[in-house]
Amino acid sequence: MKVLFVTREYPPYIYGGAGVHVKYLSQELSKIMGVEVRCFGAQKSRQKNLSVTGYEEWSSLKNSKKGLHSSVLSTLSANLLIANDPVDADLVHTHTWYSSFAGYLIKTLFEIPLVITCHSLEPLRPWKTDQIGTGYNLSLWAEKLAIENADKIIAVSNEMKKDILKLFNIPAERIEVIHNGIDINKWQKTTSADALKRYAIPDKYVLFFGRTTKQKGIDTLIKAADYIEPPARVVICTTGADTKEFLKEMEDFAKTKKNIIWINKMLDEKECIEIYSNASVFVCPSTYEPFGIINLEAMACEVPVVASAVGGIKEIIVDGETGFLIEPSNPEIIAKKVNTLLSDKKLSASFGKSGHLRVEKYFSWSSIAEQTKKLYEKIRGS
């Protein structure tokens, strides 16, 4: 059996959780079946069971300064190129709306089943109008077209399954819940601290990792900094801003606080693991989070987590055992729970150990790959 993955993000061009998911799932699946990846970019590689081909968006659209909707139309242009090449896979599996149109076209043109993993849902991200204007209407359309015509939809959490059923006209039996995962061999606590010296990070700090987007609740964390007990600092590591304006707004806001260190850079995995491992507390203040791989990364590195009780986060963190679940958009509650962990080293260590064990038990990529392959076999009737 062979699957064709279609995705916007694939190494070395990864900026969010969906890209991390596709990277590791494709690698793990290729150990047990054939995998072809078609992505955005200039990638070209071939291993035993894993081939990768990048597709460049039309330059006339991608580099256009005249078109109001160039970014969305440019995305669709890559989808057309991806669907134009011959397909010899048994089914096509797409990730995010960025590749959903290509999936729909391939299903239609090559008459093979379509599987979609929903990493987020466009109707629940209305702030994207700040990023792409009325192009948002096209992203809504592309996602809806693909989801309602897919043979199977994978929701990364039970909460997301509920959202899909509310927003789209599909039966519940067409949706399968398969959680995201993490490479537990790579994501381990380390005593190395080279990255801390490199970025002038102090010994005691509260950490955030994520994209600079409104859904991540960065503004709430910045407000919470006022209530976090010194000498702890707040380290905010970001990348992939929705807009330059929002990035500047948040950076300027952070500059009004004396205890915030902002790192806006794509860090490599070694640096990330070092920064996670040495953190006192990890905070995930999201207002919308279908899953939240960042929480798995923190837990794998034995860091206690304070996170919003939204979406799939509630299926990752066990409140009072691996971290604290809190109401979103409440800076004082964030600070209260953070301060509890900063002052109680025994509780903090207990949460860290329990979190690591939970990740090992439930969120390994090998387990997720097996679940995914079984779903493919079910669809194909083999």
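What follows is a short exchange on a sheet, a cavity and a pocket in a predicted model.

Author: Local features here need pLDDT of at least 70 and side-chain atom pairs count only at pLDDT 80 or more, while totals for chains, interfaces and linings use all residues. Residues are numbered from 1 along each chain as its sequence is written, and side-chain values use heavy atoms, with hydrogens and water left out.

Reader: Happy to start with the sheet. What makes β3 and β8 the edge strands?

Author: The sheet is open and has 8 strands, in the order β3-β4-β2-β1-β5-β6-β7-β8, with mixed pairing. Strands are DSSP runs (E, at least two residues), numbered from the N terminus; helices are runs of H or I with at least four. β3 (44-46) and β8 (175-177) each pair on one side only, so they are the edges.

Reader: How do you know that β7 and β8 pair?

Author: Two strands pair if DSSP finds at least two bridges between them. Strand β7 (residues 152-155) has 3 bridges to β8, so the pair qualifies, and the two run parallel. Ala-155, for one, has Val-177 in β8 as its bridge partner.

Reader: What makes you say that α7 packs on the sheet?

Author: Helix α7 (residues 158-167) touches β6, β7 and β8, where contact means heavy atoms within 4.5 Å. Its direction makes about 165° with that of β8; axes are lines fitted to C-alpha atoms, for helices over the stretch in contact, and angles run from 0 to 180 degrees between N-to-C directions.

Reader: Why is the space lined by Thr-96 and Trp-97 called a cavity?

Author: On a 1 Å grid over the protein atoms alone, a cavity is a set of points where a 1.4 Å probe fits but cannot get out, whereas a pocket is an open set with protein on both sides within 12 Å along at least five of seven lines; lining residues have an atom within 4 Å of a point. The structure holds 1 cavity of 30 Å³ or more, and the largest has a volume of about 50 Å³. α4 (97-110), β6 (114-118) and α6 (136-149) each supply at least two residues of its lining.

Reader: And what makes up the lining of the second largest pocket?

Author: That lining divides into 6 nonpolar, 4 polar and 5 charged residues, with Asp, Glu, Lys and Arg counted as charged, Ala, Val, Leu, Ile, Met, Phe, Trp, Tyr, Cys and Pro as nonpolar, and the others, Gly among them, as polar. The largest share, 5 residues, comes from α15.

Conventions. Points joined across faces, edges and corners; volume = space filled by probe spheres on them.
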